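Grab a pencil and work through these exercises with the structure open next to you. Try each task yourself before reading its solution.

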Amino acid sequence: MGDILARYDFLGAFWLTIQLSFWSALGALLVGTVIAILRVSPVPVLRLMGTAYVNTFRNTPLTLLMVFSILGASYVLGLSIAQSVETNLFYWAIIVLSVYHAAFVCEALRSGVNTIPAGQAEAARSIGLTFNQSLTEVLLPQAFRGAIAPLGSTLIALIKNTTVAAVIGASDAAGLMAVIIENETGTVGVFFLFALGFVILTLPLGVLFTSLSRKLAVKR
Amino acid sequence: MPLKKIGSLKKIGAVVAAAALALTLSACGGGAGGTDLTALKIGIKFDQPGLGLNEGGKYTGLDVDVATYIAGKLGTTPDKINWIQAPSAQRETLIETNQVDLVVATYSITDARKEKVSFAGPYFIAGQDLLVRADDNSITGPDSLAGKKLCSVTGSTSAQNVQKEVPGVNLQNFGTYSECVAALVAKGVDALTTDDTILAGYAAQAQYAGKLRVVGKPFSTENYGVGLKKGNTDLCTKVTDAIKAMIEDGSWQKAVDNNLGAANYKPGPGNPPTPAACS
């Protein structure tokens, strides 16, 4: 097992996993927040758009989206982001992971909004705050604090889901595992090594988010 | 009513006992090293046109023909063969856990694999080659890939090999070769690289007739062997003899022509091979 560790670039592969996770988490948080705002907005058309987004991306397999981004979008429709295959698939993987997990971020935030008593929104409107003001001053800050636990679960799911990028050829942890299984034949040891890598990435995050959700919960 | 229930319980018990009995019987029924030579379980690819393809329960391809011939020599009639899907990453496990008796699935003989399983053969010598669009004459071999997009499968030997052969090559990897073929036909990539047998299988498919061409400049050697339980020399010798007989009586050539010949593919140098002795 030790010689396998020495001969293959584990750190490089997990570094790519971390990069994919970081940028996708950022993207998913941004897009997800926008979709969540659409879903709680007072305009029916916007609410419909938000609902349609969530239902579309939450119910489409990630592998399918991932393969479509390269085979469909890049090669059949010609929507390549970069000439270099590696750069192109890196950006597409981030876009797909962001778009897909945004649906889950949106639902986590909406559950956060639901923790706020309806009276607060009504009170905000009655003292003359606009929708934007009541959103940024009253609803969203409390929604984020109430949604920390589900947001943490979504982040952990996202980190593990970056492995799907191996189907479009990313040299991330899952890509390296495919190489090792091909060269060294599959063993339980190799499997545990990669499982351990992901546990090291996600376990501290789980602990962090649990303690944050306790600390930052809105006391009512 | 309760009586009836007890009756049906008894029936279930009888069925379970019979099944258990049947299992033990079949377990000791076989001859050589616990292998039942009259009902072989053979692992093949289910998704490799020209080599091992499952079309609604009908199995075709070079690997299937080789396996059927070997099974025949060992004493299993074609209708008694139990075909089992053997994806590349699972082949060693399938053999080690006795889920298959033989693996005939584009299985290259390598030293790392020899530590886990034994091989009979080779029964075919393949080489890594390039598949291009029929009207594209700009790619003539691995040294003309500058500025081209190449496609292969994540983690595969072919993908690793071409990165060593052509450093800095623009390589797109997918989960399966079929996706590469789709990208190649859509002009998203310029070439697909893997064993020439697999490439010839795709080129020979009816829907790609006249659209694809194998370049024909192999730049590696892959010895396809029949994988079997490590140390089962008896079975290995029988399989080796069967492969020799297949090459001698002309069935080997016929199987190659039938499965891969449609796209003007000719087996590379070294074919037909001489199977190595079992150890």
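The exercises below use a predicted model, and they go from the contact between the chains to the strands of chain B.

**Exercise 1. Size up the contact.** Find how many residues chain A and chain B put into the contact, and how much area they bury between them.

*Solution.* Start with the head count: chain A brings 24 residues and chain B brings 23 residues. Next, take the area: the two chains bury about 1,900 Å² between them. Finally, look at the atoms involved: carbon and sulfur atoms account for 54% of that area.

**Exercise 2. Look for polar links.** Which residues form the salt bridge between chain A and chain B?

*Solution.* Begin with the count, which is 1 salt bridge between chain A and chain B. The partners are R113(B) and E182(A). Now check the distance: their closest N and O atoms are 3.8 Å apart, and the cut-off for a salt bridge is 4 Å, so the pair qualifies. Then widen the search to polar contacts: the count between the chains is 9 residue pairs, with both residues at pLDDT 80 or more.

**Exercise 3. Map chain A's side.** Which elements of chain A each supply at least two residues of the side that touches chain B?

*Solution.* Three helices fit the bill: α4 (62-76), α5 (85-114) and α9 (173-184) of chain A. Of the elements on this side, α9(A) gives the most, with 7 residues. Now sort the side of chain A that touches chain B by class: you get 13 nonpolar, 9 polar and 2 charged residues.

**Exercise 4. Get an overview of chain B.** How many helices and strands does chain B have, and what share of its residues count as buried?

*Solution.* Count the elements first: chain B has 9 helices and 13 strands. Then turn to burial: 51% of its 279 residues count as buried. Last, consider contacts in chain B between residues at least 6 apart in sequence: 71% of them join residues at least 24 apart.

**Exercise 5. Place strand β8 of chain B.** Is β8(B) largely enclosed or not, and which strands does it pair with?

*Solution.* Check burial residue by residue: 6 of the 6 residues of β8(B), residues 128-133, are buried, so the rest of the structure largely encloses this strand. Now go for the partners. With β11(B), residues 191-195, β8(B) pairs in the antiparallel sense over 4 bridges; here D129(B) has T194(B) as its bridge partner. With β12(B), residues 212-214, β8(B) also runs antiparallel, and 3 bridges join the two. In that pairing, V132(B) is matched with R213(B).

**Exercise 6. Trace an open sheet.** In what order do β2, β3 and β4 of chain B line up, and which are the edge strands?

*Solution.* The order is β2-β3-β4, and the pairing is antiparallel. The edges are β2 (47-48) and β4 (58-60) of chain B, since each pairs on one side only.

Take the β2(B) side next. It is joined to β3(B) by 2 bridges, with D47(B) partnered by L53(B). These two strands form a hairpin with 3 residues between them, and G50(B) in the turn has a positive phi of about 85°.

Now the other side. β3(B), residues 52-55, pairs with β4(B) over 3 bridges, and E55(B) stands opposite K58(B). This hairpin has 2 residues between its strands, and G56(B) takes a positive phi near 55°.

Terms used
Residues numbered from 1 in each chain as written. Chains lettered and ligands numbered in written order. Predicted model: local features only at pLDDT ≥ 70, side-chain atom pairs only at ≥ 80, totals over all residues. Heavy atoms only, no water. Contact = heavy atoms within 4.5 Å. Buried area = accessible area lost by both parts, 1.4 Å probe. Salt bridge = Lys/Arg side-chain N within 4 Å of Asp/Glu carboxyl O. Polar contact = N/O pair within 3.5 Å; in protein donor to acceptor, adjacent residues only side chain to side chain. Nonpolar A, V, L, I, M, F, W, Y, C, P; charged D, E, K, R; others polar. Buried < 20%, exposed > 50% of the residue type's maximum accessible area, 1.4 Å probe, protein only. Pairing = 2+ DSSP bridges.
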